[in-house]
Every structure is written in C-alpha cells, then in structure tokens.
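Hello,

Here is the structure I promised to pass on. My notes follow beneath it.

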Amino acid sequence: MKGGAITLILAIAQSAARQKPAPDVSVYLTASEATVSYPAKAMASSMFQAIGVEVAWLSGEPKAAPSGITVRIHLAVDTPTGVKPGALAVSRPYAGFAKEITVFYDRVRRLAEETRTPERILLAHVLAHEITHVIEQIDRHSETGLMKERWSREDYTNMARKPLPFSPDDLYWIRQRLNPSASTHK
C-alpha cells in the first residue's frame, strides 16, 4: 500500500506539471532588482492576468524558452539627463532572443513622489506598458489607458485606485502577437 500511495502521488504531481501551461511572457530581472520591485511585479502580473496573459518573473540570465516571449529588464538607478529626456523607460522589442527593457527607476521614483502616486503602482504601470510594447512589436501608443504616450495627472490619480486599462486596439495586438493563428478580427 505504501508503494501504491507514493506512485499515486507521483502520478498526480506529474499530471499537474504537464497541465501547467508555459507562460506567455518570461521576464528576467537580476536578483537585486527582483527584490526591489516585488509589489510592482505582482501588480503588473495581475494586469496581464486580467486579459488572459500569463507572465512569469524569473531571475538570472534568460534561457531558451520553448514558447512565448522572453524579456530582460534592467532598472537604471542613475540615468544621465541626456538619455531619453522625460522617458520613464525604453524597450527594444526587436532585440534578439531576449527582448530588452530599461526602466529609468530613478525617474520613476521622482515622478511617484511628484505625483503622489505610490511607487509600486507607478512602477507596475511602467513595467506593464513596456512589456506590452515588446508583446505588440509595434512602436505605437493609445489615446487612453495604459499605453498612452504620456500619462496625465488624472491618469496618476486613477492608477492609484485601480490599474489603467488596455485599450481595445492593444487587446487586439496583444492577442494577435501571442496567438497569430487565431482568427480574430479587429
């Protein structure tokens, strides 16, 4: 009976492992960055989960993923003033295997203080915005919501209450890029 119970437990564990789908997006951070941004990562993940996109947050160097998109994120803490003035981050959605995002964390911190937006909430929105650029593979912005080019004071107030939404166009492009064989119409 002991051996049978162990076999049953192993079979259940293997079945659960097989049923867990691969994430749509694998995001790699260095260990120190992972600790600093944990609440922001959790919020960004929930923003994507709300639209059916699974994000896995990992540390170390990117490894070959069997499917999905791989992103490497670096949080810059001492951004030179001449680098992308006014930008909170920059993404490189066409970089090789691991697409790259640099978040100007020092600017995010300053803006969070200036707008009285909790830092974790602003950082979550910046992460989700840039990851969306990588997923969409389009250098575009929306008129409203998460993918606006510049958020307004009202947007900062709103994001402190609940996450800014994805626009219908962004939902379309995200779905197209993650499942190009699906027959969806805009």
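What volume does the largest pocket have? The answer is about 580 Å³, where a pocket is an open set of points on a 1 Å grid over the protein atoms alone, with room for a 1.4 Å probe and protein on both sides within 12 Å along at least five of seven lines; the volume is the space filled by probe spheres set on the points, which are joined across faces, edges and corners.

This is a predicted model, so to speak of local features pLDDT must be at least 70, and side-chain atom pairs need 80 or more, while totals for chains, interfaces and linings use all residues. Numbering starts from 1 along each chain as its sequence is written, and side-chain values use heavy atoms, without hydrogens and water.

Back to the pocket: 22 residues line it (an atom within 4 Å of a point), and Ala89, His129, Glu130, His141 and Glu149 are the closest to its centre. Helix 5 gives the most to the lining, with 4 residues (helices are DSSP runs of H or I, at least four residues; strands are runs of E, at least two; both are numbered from the N terminus).

Helix 5 also matters for the largest nonpolar core, giving the most to it, with 10 residues. That core has 42 residues, and Ile73 and Val103 have the most contacts inside it. Its members are buried Ala, Val, Leu, Ile, Met, Phe, Trp, Tyr and Cys residues joined through side-chain atoms within 4.5 Å, with buried meaning under 20% relative accessible area for a 1.4 Å probe, protein chains only.

Overall, the chain has 7 helices and 5 strands, and 44% of its 186 residues count as buried.

Best wishes

How values were computed
Buried means under 20% relative accessible area, exposed over 50%, partly exposed in between (1.4 Å probe, protein chains only).
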